[in-house]
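Let's take a walk through a protein together, one stop at a time. Keep the picture open beside you and look for each residue as we get to it.

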Amino acid sequence: MSGSGDSNEAVNRLLSQDPLREVNSKREKKKVVRDFICNVQFWRMALLWTISLIFSYLKLFYQSFFSPKSKCYPRCSPKHSIFASASVLKPVCIITGATSGLGAAAAYDLSMEGFYVVLVGRSSELLLEAISDVKSRNRDACLKAFEVNLCSFKSILKFKRSLLQWLCDSKMHSSIQLLINNAGILATSCRFTSEGYDQMVATNYIGAFCLTKVLLPLLENSPVPSRVVNVTSFTHWSVCCTHADRGTVSGKRFVKSKCYPYAHIYEYSKLCMLLFSYELHRQVGQMEKSQHLSVM
């Protein structure tokens, strides 16, 4: 029996090294790359996004030289007296999409500033890697990770319960001082969430909207100034002729076309995030604690 098993393994190794299979695999990869480059969405990103980026820089250049100087505020770290509070020994910061890119960089920098950083992501393995990376560069970093799927309302509500329980168990004040909505994806295929939303719209906008909504009481409850930071993109300049209705917000309007318009959906999701930031800023300004909670 052992001889037959060894012979089967040898045959499998020979099959895995089949040159025809390798050639077919390379052809498939080349076809995928060719189809991607020939896609209209690819050229939309290559052209319109480049123009949007140039326009954004030109606008900043114009404002820096010709617009009235904006009021500058001194930079305050958690060690500043403005954050001094007997109930908040370490301000808590929540970062979504904290396993890579801007989120991972922000997690490290804020840990160096003295924040207790809560990392939020979809993969427990990537969260552990992110924590290990920050710890390797800052041994004194205070970190906590939560696995959350921002495409799911249930997962967001579960996260709030887990967060409150963690704050209670850690004998920390039931509040947070900083929320950074950074999570975002660029999906090239159509996928829907369990609630019926396009996955890209749900991750880039709806998830951040719902997370901010459920965590707003904790931000308002902070005895020291708190803030919401929404990460957007210059790609919103490329959006045109879009109706803000239920079908558009859910992403269902976009999938009626034969080809999944992933570039258009990404642009729209970032525009929604920007408009949400403006509206949240307006509503916060009408609250009694308008000087206590800020949005950017």
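Let's begin on the outside, with K171: its relative accessibility is 80%, so it counts as exposed. By the way, this is a predicted model, so treat everything here as computed from that prediction. To find K171, look in the loop that runs between α6 (153-169) and β4 (178-181). There's something to notice about its backbone, too. Most residues other than glycine have a negative phi. K171 isn't a glycine, yet its phi is positive, near 55°.

Staying with the surface, what makes up the nonpolar patch of about 520 Å²? Four residues build that patch: F61, Y62, F65 and F66. Let's zoom in on one of them, Y62, which has its place in helix α3 (residues 40-66). Is Y62 buried, exposed or something in between? Its relative accessibility is 48%, and the cut-off for exposed is over 50%, so Y62 counts as partly exposed.

Helix α3 also takes us to our next topic, salt bridges. The idea is simple: side chains of opposite charge can pair when their charged atoms come close. How many salt bridges are counted here? The count comes to three.

Take R44 and E267 to start with. Their side chains meet in a salt bridge, with 2.8 Å from N to O. This pair ties together distant parts of the chain, since R44 sits in helix α3 and E267 in helix α9, 223 residues apart. And how covered up is E267? With a relative accessibility of 0%, E267 counts as buried.

Now hop over to D133 and R137. These two form a salt bridge as well, and their closest N and O atoms are 3.0 Å apart. Both belong to helix α5 (residues 124-137), and because they are four residues apart there, about one helical turn separates them. D133 has 38% relative accessibility, so it counts as partly exposed. R137 has 45%, so it counts as partly exposed too.

The remaining pair is E279 and R282, whose closest N and O atoms are 2.5 Å apart. You'll find both in helix α9, three residues apart, which is about one turn of the helix. At 32% relative accessibility E279 counts as partly exposed, and at 42% so does R282.

While you're looking at helix α9, find F276, which is in that helix as well. Is F276 buried or exposed? Its relative accessibility is 9%, and buried means under 20%, so F276 counts as buried. F276 also shows how folding brings separate stretches of the chain into one another's neighbourhood: F276 and N230 are 46 residues apart in sequence, but their C-alpha atoms are 8.9 Å apart in space.

Strand β2 has two residues to visit. One of them is Y116, which is buried, with a relative accessible area of 19%. That value is just under the cut-off, because buried means under 20%. From the C-alpha atom of Y116 to that of K144 the separation is 7.8 Å, while along the chain these residues are 28 apart. The other residue is G121, also in strand β2. At 8% relative accessibility, G121 counts as buried. Its partner for a distance check is S100: they are 21 residues apart along the chain, with 9.7 Å between their C-alpha atoms.

Our last stop is an empty space. Rolling a probe the size of a water molecule over the atoms shows where empty space is left. The second largest pocket has a volume of about 430 Å³. It is lined by 26 residues, and the closest to its centre are G97, N182, A183, G184 and I185.

Which elements each supply at least two residues of that lining? They are α4 (101-113), β2 (116-121) and α9 (262-285), so you've already met two of them, as β2 holds Y116 and α9 holds F276. The largest share comes from α4, which gives three residues. And what kinds of residue make up the lining? Sorted by class, there are ten nonpolar, 14 polar and two charged residues.

Conventions:
Residues are numbered from 1 along each chain as its sequence is written. This is a predicted model: local features need pLDDT of at least 70, side-chain atom pairs count only at pLDDT 80 or more; totals for chains, interfaces and linings use all residues. Side-chain values use heavy atoms; hydrogens and water are left out. On a 1 Å grid over the protein atoms alone, a cavity is a set of points where a 1.4 Å probe fits but cannot get out, and a pocket is an open set with protein on both sides within 12 Å along at least five of seven lines; lining residues have an atom within 4 Å of a point. Grid points are joined across faces, edges and corners, and a volume is the space filled by probe spheres set on the points. Ala, Val, Leu, Ile, Met, Phe, Trp, Tyr, Cys and Pro count as nonpolar, Asp, Glu, Lys and Arg as charged, and the others, Gly among them, as polar. Patches are made of residues with over 30% relative accessible area and no salt bridge: like charges are joined within 9 Å, nonpolar side chains (Val, Leu, Ile, Met, Phe, Trp, Tyr) within 5 Å. Accessible areas come from the Shrake-Rupley method with a 1.4 Å probe; for residues, only the protein chains shown count as cover. Buried means under 20% relative accessible area, exposed over 50%, partly exposed in between (1.4 Å probe, protein chains only).
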